[in-house]
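Work through the exercises below with the model open. Try each task before reading its solution.

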Amino acid sequence: MAETKTAKNSLAAKQGGTVVEKKEKTIFDVIESGKAQFAAALPKHMSGDKFIRVAITCIRQNPKLAACSQPSLLGAFMTAAQLGLEPGVLGQCYLIPYGNECNFQLGYKGMIELLRRTGQLSDIYAYPVYSNDEFSIEYGLERTLKHVPAFSNPDGRGEVTGFYSVAILKDGTRAFEYMTVKEVKEHEEKYRKGKFKNKVWDDNFVEMSLKTVTKKMLKWLPISVEMIENLRKDNATFKMNEETKEITGSYNDDLFGDAEVIDESTGEIIKKDVKDNDVVDLNKDDVVETLFNK
């Protein structure tokens, strides 16, 4: 089990001629001391006290997080707060330790939550497909997708064979995407950080696969700059400067290079050039502010 890290503030001070050693702060103390910053980043429907409790619970449930650098751990929590998502058991987002760095990763439920908040969609959903289900896709001038689950099959639905996601915009525009199990696994291997698959994929393969196919489907839809910039925070590492409280990190552009982006102020579809090494200052929070004010 990883030891709880302490902040570097164990300095001796003299009081009345006596040397008194200051108590070292644990990571839990550091998170508690940042309550005001987290509360300021959270949307109105979320409580700062509750978010602190969730953050502390995350570390206790996964002690390896305490071994991560404090800037990356605090940066991941702040990213979750800015997006208004709870890390952990709800599956909205996850904090993944990679060596001494903490990686922020969206869950399927978190992605759907962000997409619903945009107000651009009338519906969005994703399902796994099993070998005994009736499933067909047709492309061409009329694209169709039909899925009849084998709920009444005495042998069960069989093994999972793939995943699909469907989105319907308020103007009636529809889009769908399908990926086989093999394609999902290849995608995870291509974009994973490090050599080994992280525990979230091991424990939540179906959920993470639904997120992957949904994310791939989005590039067929004209979605806002704000939405793309929020989704690009997925599977990325952010760091918080403990003195200035500034958050910096690198965008992740595994799927959005060809996406159509719409300028919400004009309704115009634009093309946003993105470089893999773009750095975002998360303190310039117009992206999150626009999202939550919809």
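**Exercise 1: Helix α3**

Ser47 caps the N-terminal end of α3, with a side-chain oxygen 3.3 Å from the backbone nitrogen of Asp49. The model is a predicted one.

Task: Check the length of α3 against the expected span, then find what its buried residues pack against.

Solution.
- Step 1. Count residues: α3 has 14.
- Step 2. Apply 1.5 Å a residue, taken over one less than the number of residues. The expected span is 20 Å.
- Step 3. Compare with the model. The end C-alpha atoms of α3 are 20 Å apart, so the two values agree.
- Step 4. List the buried positions, using under 20% relative accessible area as the cut-off. In α3 these are Gly48, Phe51, Ile52, Val54, Ala55, Ile56, Cys58 and Ile59.
- Step 5. Look for their partners. The buried residues of α3 pack against α1 (27-33), α2 (35-41) and α4 (70-83).

**Exercise 2: The largest pocket**

Task: Describe the lining of the largest pocket: which elements supply it, and how do its residues divide into nonpolar, polar and charged?

Solution.
- Step 1. Start with the space: the largest pocket holds about 550 Å³.
- Step 2. Go to the lining. It has 19 residues, and Asn62, Leu95, Ile96, Lys199 and Val200 lie nearest the centre of the pocket.
- Step 3. Assign elements. α3 (48-61), β3 (93-98) and α7 (199-203) each give at least two lining residues. The largest share, five residues, is from β3.
- Step 4. Sort by type. The lining has 10 nonpolar, six polar and three charged residues.

**Exercise 3: Two basic side chains**

Task: Is Lys211 buried or exposed? Which residues does Arg143 contact beyond its neighbours within four places in sequence?

Solution.
- Step 1. Place Lys211: helix α8, residues 205-217.
- Step 2. Read its relative accessible area, 5%. Buried means under 20%, so Lys211 is buried.
- Step 3. Find its contacts, neighbours within four places in sequence aside. Lys211 touches Gln105, Leu106, Gly107, Tyr108, Met111 and Asp234.
- Step 4. Place Arg143: the loop between β6 (134-138) and β7 (144-148).
- Step 5. Leave out neighbours within four places in sequence. Arg143 contacts Glu138, Arg174 and Phe176.
- Step 6. Add a distance. Arg143 and Ala175 are 32 residues apart in sequence, with C-alpha atoms 9.0 Å apart.

**Exercise 4: The whole chain**

Task: How many helices and strands are there, and what percentage of residues is buried?

Solution.
- Step 1. The chain has 10 helices and 15 strands.
- Step 2. Of its 294 residues, 46% are buried.
- Step 3. Among contacts with a separation of 6 or more, 64% join residues 24 or more positions apart.

Key. Residues are numbered from 1 along each chain as its sequence is written. This is a predicted model: local features need pLDDT of at least 70, side-chain atom pairs count only at pLDDT 80 or more; totals for chains, interfaces and linings use all residues. Side-chain values use heavy atoms; hydrogens and water are left out. On a 1 Å grid over the protein atoms alone, a cavity is a set of points where a 1.4 Å probe fits but cannot get out, and a pocket is an open set with protein on both sides within 12 Å along at least five of seven lines; lining residues have an atom within 4 Å of a point. Grid points are joined across faces, edges and corners, and a volume is the space filled by probe spheres set on the points. Helices (H or I, at least four residues) and strands (E, at least two) are DSSP runs, numbered from the N terminus. Ala, Val, Leu, Ile, Met, Phe, Trp, Tyr, Cys and Pro count as nonpolar, Asp, Glu, Lys and Arg as charged, and the others, Gly among them, as polar. Buried means under 20% relative accessible area, exposed over 50%, partly exposed in between (1.4 Å probe, protein chains only). Contact means heavy atoms within 4.5 Å. A polar contact is a pair of N or O atoms within 3.5 Å; within protein, one must be able to donate a hydrogen and the other to accept it, and residues adjacent in sequence count only if both atoms are side-chain atoms.
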